[in-house]
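Dear colleague,

Please find below the structure that I am handing over to you, followed by a summary of what was found in it.

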Amino acid sequence: MEENITRQKRKKNKTHKSIMHAAKTLFDKKGIGNVTADEISEQADISRSTFFNHFNSIDDLLFEIANQEIEDLIDIVKKEKKSGLENIELLLNTLIEDIYNYPSLSMFLLTNNILNKKNESCKQIVEIIRQDLIFEGMEKFKNFDLDELTGLLLGSVFGLLYQKFIKGTPFNDIEQQKQTICKILKLFNLEEKENG
């Protein structure tokens, strides 16, 4: 009996993930407001009622997709057990990788969650950066507080990505974006030059 429950749970989880993957693909291709539950169901090869057994609405689905992406990102960073600028680089590069998979959808979800104050997961990202900046000893940037430095680092990621949307350039240069983040982080690691 317990084996059946486990099998049922695995099947339910697989269906749940399938719905989320189908939705992400459709949202990114067609735009969020242009996708229906019926289209997601068809793409995931499930019935409409199965969709609604998993999600009450498309808004609920969107909220879960956003939170799952951020939780996955945070899990990756925690598993690596890095600290300081190395950890910040891992976090920002993983964020770029996630966004590159579904650029339009990812940017919409992140922005929407922040604006709608459903951003507990986003706050965790900010807190990781803040803690690693404290660890790294940013006294050489005494003209900036932690919020400003955190904003500078997160802003660099979003600025690079928004620039691609503005210019209409394809999201096919992920390694170049990571190298840019690496160059920005090196600014934080520069030795202070002695006056004299």
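F51 has a relative accessibility of 0% and therefore counts as buried, the cut-off being under 20%. Please note that the model is a predicted one. F55 is likewise buried, at a relative accessible area of 2%.

A search of the whole structure gives four aromatic pairs. In one of them, the ring centres of F51 and F55 lie 5.9 Å apart with the planes at 40°, so this pair is tilted. Another, between Y100 and F171, is edge-to-face, with 5.2 Å from centre to centre and 75° between the planes. This second pair links distant parts of the chain, as Y100 belongs to helix α5 (residues 84-101) and F171 to the loop between α8 and α9, 71 residues apart. Y100 is buried, with a relative accessible area of 9%. In addition, F51, F52 and F55 make up one aromatic cluster.

Turning to helix α9 (residues 174-188), its 15 residues should span 21 Å at 1.5 Å a residue, and the 22 Å between its end C-alpha atoms agrees with this. Its buried residues fall within an arc of 155° when seen down the axis, so they line one face of the helix. These buried residues are Q177, K178, T180, I181, L185 and F188. The face turned away from them carries the exposed residues Q179, K183, K186 and L187.

On the surface, Y162, F165 and I166 form a nonpolar patch with about 310 Å² of accessible area together. Y162 is located in helix α8 (residues 146-167) and, at 36% relative accessibility, counts as partly exposed.

Yours sincerely

Notes. Residues numbered from 1 in each chain as written. Predicted model: local features only at pLDDT ≥ 70, side-chain atom pairs only at ≥ 80, totals over all residues. Heavy atoms only, no water. Helix = DSSP H or I, 4+ residues; strand = E, 2+ residues; numbered from the N terminus. Expected span 1.5 Å × (residues − 1). Buried < 20%, exposed > 50% of the residue type's maximum accessible area, 1.4 Å probe, protein only. Arc of directions from axis to C-beta. Patch = residues over 30% accessible without salt bridge, like charges linked within 9 Å, V, L, I, M, F, W, Y side chains within 5 Å. Areas by Shrake-Rupley, 256 points an atom, 1.4 Å probe, with all protein chains shown as cover. Salt bridge = Lys/Arg side-chain N within 4 Å of Asp/Glu carboxyl O. Phe/Tyr/Trp six-rings, centres within 6.5 Å; stacked < 30°, edge-to-face > 60°.
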